[in-house]
Amino acid sequence: EKSQDCMYLQYCKVCQSYKAPRSHHCRKCNRCVMKMDHHCPWINNCCGYQNHASFTLFLLLAPLGCIHASFIFVMTMYTQLYNRISFGWSSVKIDMSAAKRDPRPVIPFGLSAFAASLFALGLALGTTIAVGMLFIIQMKVILTNKTSIESWIEEKAKDRIQYYQTGETFIFPYDMGSKWKNFKQVFTWSGIPEGDGLDWPVRDGCHQYSLTIEQLKQKADKRVRSVRYRAVEDYSGVCCPVTKGVKTFFTTPCTEEPRIALSKGDLILATRGLKHWMYGEKILDSAADGGIRERGWFPRKCVEKCQYDSETDQPVDGEKKNR
C-alpha cells in the first residue's frame, strides 16, 4: 500500500513481485509461501501460515497412533506365543480362557506373521521417535513465534554482527514475549490462524520490517563473502558421482537442495561448502549484474579458485572486509 515500503522488502524474480514479510519462495511448489516453515515431502506441500497448526497436530497424532499400534503388536505377539513358548513370567497374569476355548486365531499366526508383526513394531517405534522429535522441534519454534527458516535467519544475524563487529543487536520482532501469546498466534479454536499472513504484530521497539531488513543485509553480506570459482572438469549434476572419487561419492550432502551441472570454464560464486562439496550460483550471464543464476551443490574437485576472491573482483588483500 505504501510505495516507500518497497525499500524494506525482498523481490522475488520468479514470482515477479515483492515478498510479504515472513514469506519465502519454495522451489518445489514454485511459489512464494506466507510464513513458510519448510517444504514437507510427506504431505507434498509447504508448511506455512495456513496449515502450521494442522501440520503440528499431525506430528503429535502420528506418534500417538504409532504408540497405540506398538501396544497392539506387542500384545498380539505375546498372546499368540503364550501357548507355544514358556516365558517363565510367573508374575504376569493374563486371562487366556477365551484363547483356550477357541485357539484358532482369525489370522493364522505362523513364522511369517510373527516376522511381519516384529517388523511393523520396529517401524512403529522408529516413527514414534523420529516424528516425536520433529514435534518437539516444531513446538520450540512455535512457542517463540518463529519458523524453522526464521530461526536460521536469527543465527545468521548473530554471525553477521559478530563477523563485522558492528555493535548492533538484532531482536526478533515477532516474539510477543509470552509463550501463551505466541502459542495463540498459531493455534486457535476456529482452526483459522491469527492475522492475514501479510501484516504481523511486532514487539515494542521493533520495526514492522525488522526481519526483512536483516534478510537484505544478509543477502548483501552473502555476495560480499562469495568466492568466485571456475570449473575445470565437467559435472553432470548427479547426486552421487562415481567418477569424482570415493570420498566425493560417500560424502554427498544429505539435503533436498539441487545439484548444478557444470561444464569446463563455467563461473560459479560459492557461498558455502563442505570438505568435498560446495554450494554456489552458476553465472549464466556474467555481463549483466543481475544475470540469471542457477544455485546448487557441486564437487569441490571440479572447480578451482579464480584470481579474485569475491564477486566484486577485488584482489585478495588478507584484510577483513568492512562495510
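## A tour of a hairpin, a helix and a pocket

Strands E8 and E9 form a hairpin, with 3 residues between them. The model shown here is predicted.

**Stop 1: the hairpin.** Select residues 267-273 for strand E8, then residues 277-283 for strand E9. The two strands pair in the antiparallel sense, and 5 bridges join them. To see how they line up, show Leu-269 and Glu-281: Leu-269 stands opposite Glu-281, which belongs to E9. Is E9 mostly covered or uncovered? Strand E9 is mostly covered, since 7 of its 7 residues are buried.

**Stop 2: helix H6.** Select residues 210-225 next, the 16 residues of helix H6. From its first C-alpha to its last, H6 reaches 22 Å, close to the 22 Å expected at 1.5 Å a residue. Now colour the buried residues of this helix: Ser-210, Leu-211, Thr-212, Glu-214, Gln-215, Gln-218, Asp-221 and Val-224. What do the buried residues of H6 pack against? Add residues 24-26 and 148-164 to the view: these are strand E3 and helix H4, and the buried residues of H6 pack against both.

**Stop 3: a pocket.** Move to the second largest pocket, with a volume of about 380 Å³. To outline this pocket, select its lining in three steps. Begin with Glu-1, Lys-2, Asp-5, Cys-6 and Leu-9. Then add Ala-20 and Pro-21. Finish with Asp-196, Leu-198, Asp-199, Gln-208 and Tyr-209. Colouring by residue class divides the lining of this pocket into 6 nonpolar, 1 polar and 5 charged residues.

Methods. Residues are numbered from 1 along each chain as its sequence is written. This is a predicted model: local features need pLDDT of at least 70, side-chain atom pairs count only at pLDDT 80 or more; totals for chains, interfaces and linings use all residues. Side-chain values use heavy atoms; hydrogens and water are left out. On a 1 Å grid over the protein atoms alone, a cavity is a set of points where a 1.4 Å probe fits but cannot get out, and a pocket is an open set with protein on both sides within 12 Å along at least five of seven lines; lining residues have an atom within 4 Å of a point. Grid points are joined across faces, edges and corners, and a volume is the space filled by probe spheres set on the points. Ala, Val, Leu, Ile, Met, Phe, Trp, Tyr, Cys and Pro count as nonpolar, Asp, Glu, Lys and Arg as charged, and the others, Gly among them, as polar. Helices (H or I, at least four residues) and strands (E, at least two) are DSSP runs, numbered from the N terminus. The expected span of a helix is 1.5 Å times one less than its number of residues. Buried means under 20% relative accessible area, exposed over 50%, partly exposed in between (1.4 Å probe, protein chains only). Contact means heavy atoms within 4.5 Å. Two strands pair if DSSP finds at least two bridges between them.
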